[in-house]
Amino acid sequence: MDMTNKVCLVTGANSGIGKETAKTLAGLGAFVVMLCRNEERAEHARQEIIGQTGHTGVEVILADLAHQYDIHRAAEQFREKFEALDVLINNAGIIPAKREETPEGIEKTLAINHLGPFLLTNLLMEQLKNADHARIINVASEVHRLGAPIFDINNLQLQTRYSPMKAYGLSKLCNIMFTHELAKRLSDTTVTANCLHPGVVNTRLASDASWLMKLFYFIGTPFMRSPKKGAQTSLYLAISDEVSGISGQYFKNKQITAPASIAFDDELTEKLWKRSETLTGLN
Ligand SMILES: NC(=O)c1ccc[n+]([C@@H]2O[C@H](COP(=O)([O-])OP(=O)(O)OC[C@H]3O[C@@H](n4cnc5c(N)ncnc54)[C@H](OP(=O)(O)O)[C@@H]3O)[C@@H](O)[C@H]2O)c1
């Protein structure tokens with residue numbers, strides 16, 4: 001697909017997979033909006049992207065996805081400047097070290113990894129619909145399979161039975177369930193929504209995780225993909241003609257893959273949507 005002047009918003013675009021995704025899109029001539037939480041890190045990455053691609057159409061919108069008021073402000077900032085959004089890549093994510101809550105009193109992993117993208121996507125829906133065949137891409141993970149056996153609509157925030165990896169797995173399962181429900185709700189539009197596993201990628205993802213997780217990452221580093229390679233499926237879903245019209249799917253290595261069956265359970269994905277609306281004040 002010709003990406004020249006397409007508007008692409010990538011969350012978590014200052015590091016790892018997100019930075020490589022943003023860099024490639026900028027190199028293809030797209031106007032890239034980097035949604036990041038830290039001004040200094042974002043500006044550093046923006047300069048790197050401009051320096052390496054020679055493309056100046058790269059700008060930063062600051063927002064911490066843990067803060068819903070920040071997401072509202074960022075969406076407003078975007079809407080004021082852009083009428084249409086061609087590609088939205090919900091990429092930002094964390095692996096937590098311990099159970100923490102956001103200022104809105106929501107478990108942090110669910111807030112950043114699922115509710116943040118849920119709210120941002122909904123707040124930008126008009127811009128997505130204004131674009132010619134917009135694409136929404138949610139970066140999930142194979143670790144969603146850890147979330148499948150513990151999915152309980154009444155315990156999404158793991159008030160009981162918490163562990164950092166359960167919280168991460170559950171949030172990544174929510175990414176796939178959200179994609180499925182979103183695709184259904186957009187079926188009478190030209191907007192598509194897909195999600196993916198990027199592979200096991202050598203990034204800063206575990207930098208705030210427990211020492212055990214950091215150790216696991218350290219040992220696994222030689223076997224991990226580079227961020228550039230890790231960005232390939234996100235980019236495939238963003239720019240390839242092969243996926244035009246495909247929606248509601250989970251991809252791995254650029255191939256449609258079956259997620260845990262619960263991820264495509266219509267009744268549960270609708271319940272998750274409604275609970276997410278309540279938790280983000282959208283209903
Ligand atoms: N790496 C892997 O092996 C792997 C495997 C499967 C899925 N994934 C998924 O890939 C995505 C990208 O992760 P990565 O591996 O590239 O890790 P990364 O290098 O740590 O990048 C994560 C990005 O998310 C941003 N972020 C974190 N919390 C945020 C918040 N509250 N508000 C706004 N931005 C926030 C980070 O910003 P800061 O730099 O400011 O912290 C960073 O830019 C994640 O969704 C992750 O779950 C990764």
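Which residue stands opposite K252 in β7? Keep that in mind as you set off; the answer comes at the second stop. The model on your screen is a predicted one.

**Stop 1: the sheet**

Start by showing the strands. You should find 8 of them forming an open sheet, in the order β3-β2-β1-β4-β5-β6-β7-β8, with mixed pairing. Now pick out the two edge strands, β3 (58-62) and β8 (255-257): each has a single partner strand, so one side of each is left without a neighbour in the sheet. As you look along the sheet, note that neighbouring strands are turned by 25° against each other on average, direction ignored.

**Stop 2: β6 and β7**

Next, select residues 192-197 for strand β6 and residues 250-252 for strand β7. These strands pair in the parallel sense over 3 bridges. Here is the answer to the opening question: H197 is the residue that stands opposite K252 in β7.

**Stop 3: helices on the sheet**

Add helix α3, residues 68-81. This helix packs on the sheet, where it touches β1 (7-11), β2 (31-36) and β3, and its direction makes about 145° with that of β3. Then colour helix α4, residues 108-123, which lies across β4 (87-90) and β5 (135-139) and runs at about 165° to β4.

**Stop 4: α1 and α10**

Select residues 16-27 for helix α1 and residues 232-239 for helix α10. Their axes come within 9 Å and cross at roughly 40°, which makes α1 oblique to α10. The crossing of α1 past α10 is right-handed. Show side chains here: from α1, I17, T21, T24 and L25 meet S234, L235 and A238 of α10. Sorted by class, this contact has 4 nonpolar, 3 polar and no charged residues.

**Stop 5: the ligand**

Stay with α1 for a moment, since this helix also leads to the ligand: α1 gives the most to the shell around it, with 3 residues. In total, 28 residues surround the ligand, and the closest are G12, G16, A92, G93 and T203. By class, the shell divides into 12 nonpolar, 12 polar and 4 charged residues.

**Stop 6: α7 and α11**

Finish with helix α7 (residues 164-185) and helix α11 (residues 266-280), whose axes come within 9 Å and cross at roughly 100°. The two helices are therefore roughly perpendicular to each other. On the α7 side, select C174, M177, F178, H180 and E181; on the α11 side, select L268, T269, E270, L272 and W273, and you have the contact between them. This contact has 6 nonpolar, 2 polar and 2 charged residues.

Note on methods
Residues numbered from 1 in each chain as written. Predicted model: local features only at pLDDT ≥ 70, side-chain atom pairs only at ≥ 80, totals over all residues. Axes fitted to C-alpha atoms, helices over the stretch in contact; angles between N-to-C directions. Helix = DSSP H or I, 4+ residues; strand = E, 2+ residues; numbered from the N terminus. Parallel < 35°, antiparallel > 145°, perpendicular 65-115°, else oblique. Left-handed = near helix turned anticlockwise from the far one by under 90°. Contact = placed C-beta atoms within 7 Å. Nonpolar A, V, L, I, M, F, W, Y, C, P; charged D, E, K, R; others polar. Near = placed C-beta within 6 Å. Pairing = 2+ DSSP bridges.
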